[in-house]
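Reader: Please pick one part of this model and go through it closely for me. Then I'd like to know how the rest of the chain is laid out around it.

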Amino acid sequence: MIKGKKYIVWAGKILTLGIFCGLWQFAAGFYSPEQLPGPLQVLKGIIELADTGILWEHIQVSLLRFSISYILAVLITVPLGLLLGWHTISWQALNPLIQILRPISPIAWFPLAVLWFGIGNAPAIFIIFLSAFFPILLATVSAVRSVDGLYLRVSKNFGVNRWSLFTKVVIPASFPQIMVGLHIAVGTAWIHLVAGEMLGAQSGLGYLIVDSRNFLRTDWIIGGMLIVGLLGLAIHFLIGWVEQTINQRWGME
């Protein structure tokens, strides 16, 4: 039965993809290839970019920027969120400032980022970092503050000291909700990576999409968009694998 369900799920995915490509090809019939190329034309454009090596160069640059920004955000924000969630007074003091800064779009920081860091990788990395910072921070704080009080009371009754309570009870109990924030941050960071590269970078997938517009290569534009989506999906699965691995290590699965 389980194998049968898996086949049904995969058949549904393939069918959905086929319907999407069919509708895409149908819509392309109403436009010129320069306005809306069909799936096969876009595939040929992607192969052309791959053969010249241009595609791989831009992918490497984008993945490097994303990795640096996202890992930096996780290393800084998760410990900060754990600390603020554990110390209520600190969170209450900083929360108003965080709520003021949080709604500001990371793209709005771009002019300042260019003034502060100049043209190059640094402004894009800064924008991506900001886009991941607040989702991870708020999810982590909320996770710590939502830990079941029963866990804390039982641990204290057994004489568990404060440090052990934090590291062996609070952090594992908070982990699932923290991972939700990490998943959300992957999406926001990847979106703003492309936006940042469109605005001020001279390389990367966002730059490739904008530069393709200058050559009127719509197939390259849509091809770049598809590559962005596929890489985002791959990163999502990678984060899910990390989550599953840690859950198994902690005996949560």
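Author: Helices here are DSSP runs of H or I with at least four residues, strands are runs of E with at least two, and both are numbered from the N terminus. This is a predicted model, in which local features need pLDDT of at least 70 and side-chain atom pairs count only at pLDDT 80 or more, while totals for chains, interfaces and linings use all residues. Residues are numbered from 1 along each chain as its sequence is written, and side-chain values use heavy atoms, with hydrogens and water left out.

On that basis the protein has 10 helices and 0 strands, running α-α-α-α-α-α-α-α-α-α from the N terminus on. The C-alpha trace spans about 70 × 60 × 30 Å along its principal axes.

The part I'd pick is where helix α2 (residues 39-52) meets helix α10 (residues 218-249). Their axes come within 8 Å and cross at roughly 80 degrees; the axes are lines fitted to C-alpha atoms over the stretch in contact, with angles running from 0 to 180 degrees between N-to-C directions. That makes α2 roughly perpendicular to α10 (the label covers 65 to 115 degrees; under 35 is roughly parallel, over 145 roughly antiparallel, and the rest oblique). On the α2 side, Q41, V42, G45, I46, E48 and L49 make the contact, and they meet D219, W220, I222, G223, L226 and I227 of α10; contact means heavy atoms within 4.5 Å. Sorted by class, that contact has 7 nonpolar, 3 polar and 2 charged residues. For the classes, Ala, Val, Leu, Ile, Met, Phe, Trp, Tyr, Cys and Pro count as nonpolar, Asp, Glu, Lys and Arg as charged, and the others, Gly among them, as polar.

Zoom in on V42, which belongs to α2. V42 is buried, at a relative accessible area of 1% (buried is under 20%, exposed over 50%, partly exposed in between, using a 1.4 Å probe and protein chains only). Skipping residues up to four places away in sequence, V42 touches W24, P37, D219, I222, G223 and L226. The C-alpha atoms of V42 and L238, on the other hand, are separated by 27 Å, with their positions 196 residues apart along the chain.

W24 leads on to the domains. The protein is divided into domain 1 (1-30) and domain 2 (37-250), with bounds that come from an automatic or database domain assignment. Their centres, taken over C-alpha atoms, are 29 Å apart, and 4 residues of domain 1 are in contact with 6 residues of domain 2. About 380 Å² is buried between domain 1 and domain 2, and carbon and sulfur atoms give 79% of that; buried area is the accessible area (1.4 Å probe) that two parts lose on being put together, summed over both. In domain 1, W24, Q25 and A28 lose the most area to domain 2, together 88% of what that side buries.

Just ahead of α10 comes the loop from α9 (205-214), and L216 sits in that loop. L216 has a positive phi, near 55 degrees, in a residue other than glycine. At 67% relative accessibility, L216 is exposed.

Now some buried spots elsewhere. E197, in helix α8 (residues 162-200), is buried with 0% relative accessible area. Beyond its sequence neighbours up to four places away, E197 touches S62, R65, S203, G204, L205, G206 and Y207. S69 is in helix α3 (residues 54-86) and is buried at 0% too. Apart from neighbours within four places, S69 is in contact with I125, I128 and F129. The C-alpha atoms of S69 and A122 are 9.7 Å apart, 53 residues along the chain from one another.

Helix α6 (residues 121-145) holds T140, buried at 0%. T140 touches V78, G81, L82 and I178, again leaving out residues up to four places away. L130 is in α6 as well, and at 14% relative accessibility L130 counts as buried. Its contacts, with the same exclusion of up to four places, are P106 and W109. From L130 to K6 is 39 Å, C-alpha to C-alpha, with the two 124 residues apart in sequence.

Stepping back to the full chain, buried residues make up 39% of its 253 residues. Of the contacts between residues at least 6 apart in sequence, 72% join residues at least 24 apart.
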